[in-house]
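Please look at the sequence and the three-dimensional model together before reading on. The paragraphs below are meant to be followed with both in view.

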Amino acid sequence: MGEPNGVHEKGMTFTQHMAEMQQEFPEASGEFTALMQEIMLSAKIISREVRKAGLADALGLTGHVNVQGEAVQYLDEFANQTIIRNVHHGGHLCALSSEENEDLIEIPDRYPTGKYTLTIDPLDGSSNIDANVSIGTIWSIHRRRTPEGPGQIEDVLQPGRDQVAAGYVIYGSSTILVYTSGAGVHGFTLDPSIGEFLLSHPNLRTPEIGLIYSTNEGHSASWHPRDQQAVEIWKSGRGPGGKPYSARYIGSLVADFHRNLLYGGVFLYPPTVSHREGKLRLLSEAAPLAMVCEAAGGLASTGRGRILDVIPTSLHQRVPLYIGSRREVELIERLYREIPD
Ligand code: AHG
Ligand code: MN
Ligand code: MN
């Protein structure tokens, strides 16, 4: 099947790209495209707020603690509210879930419900905000499972392999939106002078081998020996790359992941003493990035199997995460098989 003309032409707007992609699927109702537009609009608004945060007294803590015991930043709350407000009235969703809300977020009665669910990490890496380090937004879309009416928890508790689309936005040196709906991974850069996301990275593919490892090595004393060994292999030049790897760790998952996607590399957040199941959240962080990673030719694993195959049992479930270039993640999976618990 050929690609529609121009669908991957650099410089085209996100809106043009979505319209052309939709033509590929004559049965498409346009609901998905409309939902993506709402996410894109939210990203522009959050980007604007992030850009002026230092001026507008919008930095710092709100004094609240979220459902996971983490300090909530002003921008965490702003991003969360912005996305919810922009998506809940369009009639495309039956429910949402967010890292910042303990329970399922229902669509208010006054609005129609639709066939999708959305899960978000509204602001990822938010502990970095005050230091002007890159932060991001991650989202994941599923088709609902219940037939109609208000969405239920089972509409959101679905494995990553059933995602309809997933992606992220980075508020970095530029604002970049990356998404996949299965047909390739595409990156768009926000041109602030016209307020449009323009296609800058069509059909992203990640290198099979990466010479970067990204992890909070400060926790390595409490890692399992197999995680310690993996890092030793990469440092000593015995990894798939055949020479010592570079360490790169920003502490914003989206930014660490995006760099490795472009350059090749592996990100790992293994179980530690304080996070025995791993720190990162399956539904709002691991699964969406796993879909993007696999669609770009990489792998994402718990060490024991694909992230995309994990069946969620709760909204804020955490998982060990190993994600990035295929050969590096395969090395981890081999160490999991060889070194017992
Ligand atoms: P969030 O800001 O959404 O709570 O996520 C923070 C996450 C993730 O972005 C990052 O990879 C990780 O926390 C960093 O954890 P450490 O500070 O323990 O390294
Ligand atoms: Mn996060
Ligand atoms: Mn967050």
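What follows goes from the metal site to the helices and then to a few single residues.

The model is predicted, so local features are described here only where pLDDT is at least 70 and side-chain atom pairs only at pLDDT 80 or more, whereas totals for chains, interfaces and linings use all residues. Residues are numbered from 1 along each chain as its sequence is written, chains are lettered from A and ligands numbered from 1 in the order in which they are written, and side-chain values use heavy atoms, with hydrogens and water left out.

We begin with the metal ions. The manganese ion (ligand 2) is held by Asp121 (OD), Asp124 (OD) and Glu285 (OE), at 1.8 to 2.2 Å, where a donor is an N, O or S atom within 2.8 Å of the metal (3.2 Å for Na, K and Ca), and sites may look incomplete since water is not among the atoms. Along the chain, the donors of this manganese ion (ligand 2) follow the spacing D-x2-D-x160-E. The manganese ion (ligand 3) has as its donors Glu99 (OE), Asp121 (OD) and Leu123 (O), at 2.3 Å, and these residues are spaced E-x21-D-x1-L in sequence. Glu99 lies in the loop between β3 (93-98) and β4 (105-106) and Asp121 in strand β5 (residues 116-124), so the pair ties together parts that are 22 residues apart in sequence. Helices (H or I, at least four residues) and strands (E, at least two) are DSSP runs, numbered from the N terminus.

Which residue coordinates both manganese ions, ligand 2 and ligand 3? That residue is Asp121, and the two ions are 3.8 Å apart. Asp121 is buried, with a relative accessible area of 0%, where buried means under 20% relative accessible area, exposed over 50%, and partly exposed in between (1.4 Å probe, protein chains only). Asp124 counts as buried at 4% relative accessibility, and Glu99 counts as buried at 4% relative accessibility.

From Glu285 the path leads to the helices, and for these a general convention is useful. Two packed helices are described by the angle between their axes and the distance between the axes. The axes of α6 and helix α7 (residues 282-295) come within 12 Å and cross at roughly 15°; here axes are lines fitted to C-alpha atoms, for helices over the stretch in contact, and angles run from 0 to 180 degrees between N-to-C directions. That makes α6 roughly parallel to α7, given that angles under 35 degrees count as roughly parallel, over 145 as roughly antiparallel, 65 to 115 as roughly perpendicular and the rest as oblique. The contact (heavy atoms within 4.5 Å) is made by Leu253, Phe257 and Leu261 of α6 and by Glu285, Leu289, Val292 and Cys293 of α7. Glu285 is thus named both in this contact and among the donors of the manganese ion (ligand 2).

Helix α6 (residues 253-263) is largely enclosed by the rest of the structure, because nine of its eleven residues are buried. Among these buried residues are Leu253, Phe257, His258 and Leu261. After α6 comes Gly264, whose phi is positive, near 95°.

A second helix pair is formed by helix α5 (residues 225-236) and helix α8 (residues 326-338), which pack at an angle of about 140° with their axes 9 Å apart; α5 and α8 are therefore oblique to each other. On the α5 side, Arg226, Asp227, Gln229, Ala230, Ile233 and Trp234 meet Glu328, Leu331, Ile332, Leu335 and Tyr336 in α8.

Helix α3 (residues 74-87) allows a check of length: at 1.5 Å a residue its 14 residues should span 20 Å, and its end C-alpha atoms are 20 Å apart, which agrees. The expected span is 1.5 Å times one less than the number of residues. Ten of the 14 residues of α3 are buried, including Leu75, Phe78, Ile83 and Val87.

Some single residues remain. Asn132, in the loop between β5 and β6 (135-143), has a positive phi of about 65° although it is not a glycine, and at 73% relative accessibility Asn132 counts as exposed. Asn203, in the loop between β10 (196-201) and β11 (212-214), has a positive phi of about 50° although it is not a glycine, and Asn203 is partly exposed, with a relative accessible area of 36%. Val164, in strand β7 (residues 163-171), counts as buried at 15% relative accessibility.
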